[in-house]
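Dear colleague,

I am passing on the structure below, and would be glad if you could look through it alongside the notes that come after it.

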Amino acid sequence: YQGQGSGKAALATVVDYLSRQPGCREIRLSFVPGNTRAEQVYLKGGFEHTGLIEDGEVVMSYAVRTPLS
């Protein structure tokens, strides 16, 4: 099912859910270096490179924006 948008939709659902949790300011994930498909999905989903490598994986971060009150 690659290339059919399932990963993009799943990522958006998880980000939406986690962003609604009290105190959530940042979401991090990691992927194996060289997995350019995953990297592109994450970049298009709003994640940014952190410059970190943990357990041999590239770490990315999503800054949760809180609505103005």
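The notes below go through the strands, the core, one loop residue and the largest pocket.

This is a predicted model, in which local features need pLDDT of at least 70 and side-chain atom pairs count only at pLDDT 80 or more, while totals for chains, interfaces and linings use all residues. Residues are numbered from 1 along each chain as its sequence is written, and side-chain values use heavy atoms, with hydrogens and water left out.

To begin with the strands (DSSP runs of E, at least two residues, numbered from the N terminus, as are helices, which are runs of H or I of at least four residues), E1 and E3 run antiparallel and are joined by 6 bridges, with Phe 31 standing opposite Val 58 in E3. Strand E2, residues 48–54, is also antiparallel to E3, through 4 bridges, and here Glu 48 stands opposite Ser 61; two strands are taken to pair if DSSP finds at least two bridges between them. Along E1, Ile 27, Leu 29 and Phe 31 point to one face and are buried, whereas Glu 26, Arg 28 and Ser 30 point to the other and are not (buried means under 20% relative accessible area, exposed over 50%, and partly exposed in between, with a 1.4 Å probe and protein chains only).

The largest nonpolar core (buried Ala, Val, Leu, Ile, Met, Phe, Trp, Tyr and Cys residues joined through side-chain atoms within 4.5 Å) has 13 residues, of which Ile 27, Tyr 42 and Phe 47 touch the most other members. Two or more residues of this core come from each of helix H1 (6–19), strand E1 (26–31), helix H2 (36–44) and strand E3 (57–63). Leaving aside neighbours within four places in sequence, Ile 27 is in contact (heavy atoms within 4.5 Å) with residues including Val 15, Leu 18, Phe 47 and Met 60.

Asp 55, in the loop between E2 and E3, has a positive phi of about 50° although it is not a glycine. Most residues other than glycine have a negative phi. Asp 55 is also exposed, with a relative accessible area of 84%.

Lastly, H1 gives the most to the lining of the largest pocket, with 6 residues. A pocket is an open set of points on a 1 Å grid over the protein atoms alone, where a 1.4 Å probe fits, with protein on both sides within 12 Å along at least five of seven lines, and lining residues have an atom within 4 Å of a point.

Best regards
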